[in-house]
Amino acid sequence: MSSSFLRLTSVNVHIDGIGKVLIERSDKAKRLSISVRPLKGVRVAVPPHISFEKAEQLIYTKSDWIKEHQTRMQQHEQQLTVYDGSTEFKTKYHTLRLLTHAQYSMRCVIQDGFINVFYPAHKDVRDPDVQKFIRQSIEEGYRKEAKQYLPGRVAYFAEKFGFTYENVFIKSAKGRWGSCSHTNNINLNLHLMRLPDALCDYVILHELAHTVEKNHGPHFWALLDSICGNAKALDKKLKAYRISIF
């Protein structure tokens, strides 16, 4: 393996029986790790002190494991929405619009109530790269809406129920709808914009309640019940929703 290969921050390699694998340097990684994710494929995260050569060796060692997870990934991908000219997709304030243009790059313009996705005319809209960009564009639409809508909603409930908080941050966390820091900063997931209004409000109230009760003990649930009714029933409904774009 050449020294130039070792200096790369990322590289795509083709592995027989598996296909394309992204090997990527990660300052956060403490050990070699393999992930297999829908629409993203196979990725190996490589710590700074480990060579890409060892990462490639790991792929061959774990090939059976990777193939098993690829099968699950493909099954999951088959459940995903395929966005094309016949798709009617709306966020809270925007309508998705797919448009072709003469350029080779893809572009997203969010304005006047539309998420306009421009993709090359020579490409099929069902191409995985186009579908990935469409999902990224939808996420940007949700991010824009979240920044406009959620901070005001937090302020409204804080004033209504007498809560005090510091700041509201909009994030794209993979595992949680919201959180409250020890300094009472409220972190909200941009994907809250996908939820029914009642569940979106529930998450906001949940995090505001944490400004008073920092755990999920009886006092926390009693406080939450006093401001939103049957809190645990709402919490159960929330679990039916996934933090991702389909």
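## Working through helix α5 and its surroundings

The crossing of α5 and α6 is right-handed. Keep in mind that this is a predicted model. Let's work through some exercises.

### Exercise 1: α5 against α6

**Task.** Work out how α5 and α6 are oriented, and which residues meet where they pack.

**Solution.**
- Start with the geometry: the two axes, those of α5 and α6, come within 10 Å and cross at roughly 135 degrees.
- Angles over 145 degrees would count as roughly antiparallel, and 65 to 115 as roughly perpendicular. The pair α5 and α6 is therefore oblique.
- Now the residues. On the α5 side you'll find Tyr202, Leu205, His206 and Ala209. Across from them, α6 brings Phe220, Trp221, Leu223, Leu224, Ile227 and Cys228.
- Sort that α5–α6 contact by class and you get nine nonpolar residues, one polar and no charged.

### Exercise 2: α5 against α7

**Task.** Do the same for α5 and α7: find the angle, the handedness and the classes of residue in the contact.

**Solution.**
- The axes of α5 and α7 lie 10 Å apart, at an angle of about 120 degrees.
- Roughly perpendicular stops at 115 degrees and roughly antiparallel needs over 145, so α5 and α7 are oblique to each other.
- As for handedness, α5 and α7 make a left-handed crossing.
- From α5, the contact uses Leu199, Tyr202, Val203 and His206, while α7 puts in Ala231, Leu234, Asp235, Lys237 and Leu238.
- By class, the α5–α7 contact comes out as six nonpolar, one polar and two charged residues.

### Exercise 3: the largest core

**Task.** Find the residues that touch the most other members of the largest nonpolar core, then say which element gives the most to this core.

**Solution.**
- The largest nonpolar core holds 45 residues, and Leu150, Leu188 and Leu224 touch the most other members.
- Next, the suppliers: β7 (114-120), α4 (128-161), β10 (186-189), α5 (197-209), α6 (218-228) and α7 (231-238) each bring at least two residues to this core.
- The top contributor is α4, with 11 residues.
- Zoom in on Leu150. Skipping neighbours within four places in sequence, leucine 150 contacts Ile170, Leu188, Asn189, Leu192, Met193, Cys200 and Ile204.
- There's also a second, separate core of 19 residues, with Ile15, Ile50, Ile59 and Ile66 among its members.
- For background, nonpolar side chains tend to be buried together in soluble globular proteins.

### Exercise 4: an aspartate in α5

**Task.** Decide whether aspartate 201 is buried or exposed, and list its contacts beyond its sequence neighbours.

**Solution.**
- Aspartate 201 sits in helix α5.
- Its relative accessible area is 12%, and the cut-off for buried is under 20%. Aspartate 201 is therefore buried.
- Leaving out neighbours within four places in sequence, aspartate 201 touches Tyr149, Arg153 and Phe157.

### Exercise 5: two positive phi angles

**Task.** Aspartate 112 has a positive phi, and so does asparagine 184. Place each one in its loop and sort each as buried or exposed.

**Solution.**
- Aspartate 112, which isn't a glycine, has a phi near 50 degrees. This aspartate lies in the loop between β6 (107-111) and β7.
- With 70% relative accessibility, aspartate 112 counts as exposed, because the cut-off for that label is over 50%.
- Asparagine 184, likewise not a glycine, has a phi of about 70 degrees. You'll find asparagine 184 in the loop between β9 (178-180) and β10.
- Asparagine 184 has a relative accessible area of 18%, so this residue is buried.

Definitions and conventions
Residues numbered from 1 in each chain as written. Predicted model: local features only at pLDDT ≥ 70, side-chain atom pairs only at ≥ 80, totals over all residues. Heavy atoms only, no water. Core = buried A, V, L, I, M, F, W, Y, C linked by side-chain atoms within 4.5 Å. Buried < 20%, exposed > 50% of the residue type's maximum accessible area, 1.4 Å probe, protein only. Helix = DSSP H or I, 4+ residues; strand = E, 2+ residues; numbered from the N terminus. Contact = heavy atoms within 4.5 Å. Axes fitted to C-alpha atoms, helices over the stretch in contact; angles between N-to-C directions. Parallel < 35°, antiparallel > 145°, perpendicular 65-115°, else oblique. Left-handed = near helix turned anticlockwise from the far one by under 90°. Nonpolar A, V, L, I, M, F, W, Y, C, P; charged D, E, K, R; others polar.
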